[in-house]
Amino acid sequence: MLWQVRRSIGWIFPADLEGISSLKLIDELAPARETSEAWYKKAQKNDYFVLGWYKAKAPTEAAITLNIGDIYKCIPVIYRRTPVATLIITQTLAHEVGHHMSYKKGYAVALTGRLEKKPDRDEEARAESYALAVMTRMRRRWHYRLAALAVNDLTQWYDVQALLDWRAGKYKDAARKWYKAAVLDPYDRRLATCYWRAKEMCDSNPPALTNGT
Ligand SMILES: [Zn+2]
């Protein structure tokens, strides 16, 4: 797993990583505590997708955490040691590095006194476009281009299977598969919407305690 994360790091320009003092890999999200940050509590309460996050104390003291356990759950075993896995990991890692770039830029602007004190609404979009640029760079290599096709196939497979589960009333299975599809293709908002709908159905139709006969 570690070498794959290293390979992902290799796709980011070293200068862009300057200031990131720690990269933490976690297997699962810890329950929110009293002292947790507000966004984390909210994310845990609402079951938001949290594949990674970025936190900076200073431009040279930034940390990225990757929820590698959840990322890996979306990758079938046969792909785990292939460029498919590298591609999927890099998608999240590059997004977080995108936040770092925004932070450093904002800080530089603040030093010259041109930063307005309001939160930047475009930050998420900028992190996304940074990730997209990295992914585009990767796809110039043929084996990542093939890997990207495999990721597309995989996403479609999860999507179709989820739909079948949905039709059979197996909302929990459907939600799980749409979740994976949405992680693999974060740009297709429909997948995330389907996930939320399936999840709502689970919540309103708790599974029966017995299977019946
Ligand atoms: Zn983000």
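**Sheet and helix pair in a predicted model**

Of the contacts in the chain between residues at least 6 apart in sequence, 66% join residues at least 24 apart. The model is predicted. The chain has 213 residues, and buried residues make up 30% of them. Its secondary structure comes to 9 helices and 3 strands. Read from the N terminus, the elements follow the order α-α-β-α-β-β-α-α-α-α-α-α. A helix thus stands between the β element that comes third in this series and the pair of β elements that follows.

The sheet comes next. Strands of a sheet pair through backbone hydrogen bonds, in either the parallel or the antiparallel sense. Here the 3 strands form an open sheet in the order S1-S3-S2, and the pairing is mixed. Strand S1 (20–25) and S2 lie at the edges with a single partner strand each, so one side of each has no neighbour in the sheet. From one strand to the next, the twist averages 15°.

The mixed character can be followed pair by pair. Strand S2 (residues 52–58) and strand S3 (residues 61–66) run antiparallel and are joined by 6 bridges. The link from S2 to S3 is a hairpin of 2 residues. On the other side of the pairing scheme, S1 and S3 are parallel, with 5 bridges between them.

Alanine 63 is a useful point at which to look at both pairings. Lysine 55 stands opposite this alanine 63 of S3, and serine 22 has alanine 63 in S3 as its bridge partner. Lysine 55 falls within the residue range of S2, 52–58, while serine 22 falls within that of S1, 20–25.

The other part to examine is a pair of helices later in the chain. How do helix H7 (residues 142–167) and helix H8 (residues 171–184) pack, and at what angle? Their axes are 8 Å apart and the angle is about 160°. Angles over 145 degrees count as roughly antiparallel, and H7 and H8 are therefore roughly antiparallel to each other. Their crossing is left-handed.

The contact draws on residues from both helices. From H7 come Val151, Leu154, Thr155, Tyr158, Asp159, Gln161, Ala162, Asp165 and Trp166, which meet Tyr171, Asp173, Ala174, Lys177, Trp178, Lys180, Ala181 and Leu184 of H8. By class, the residues of this contact of H7 with H8 are 10 nonpolar, 2 polar and 5 charged. Among the charged ones are Asp159 and Asp165 in H7 and Lys177 and Lys180 in H8.

Methods:
Residues are numbered from 1 along each chain as its sequence is written. This is a predicted model: local features need pLDDT of at least 70, side-chain atom pairs count only at pLDDT 80 or more; totals for chains, interfaces and linings use all residues. Two strands pair if DSSP finds at least two bridges between them. Helices (H or I, at least four residues) and strands (E, at least two) are DSSP runs, numbered from the N terminus. Axes are lines fitted to C-alpha atoms, for helices over the stretch in contact, and angles run from 0 to 180 degrees between N-to-C directions. Angles under 35 degrees count as roughly parallel, over 145 as roughly antiparallel, 65 to 115 as roughly perpendicular and the rest as oblique. A crossing is left-handed if the near helix is turned anticlockwise from the far one by less than a right angle, and right-handed if clockwise. Two residues are in contact if their C-beta atoms, placed from the backbone, lie within 7 Å. A residue is buried if 20 or more other C-beta atoms lie within 10 Å of its own, exposed if 12 or fewer, and partly exposed in between; C-beta atoms are placed from the backbone.
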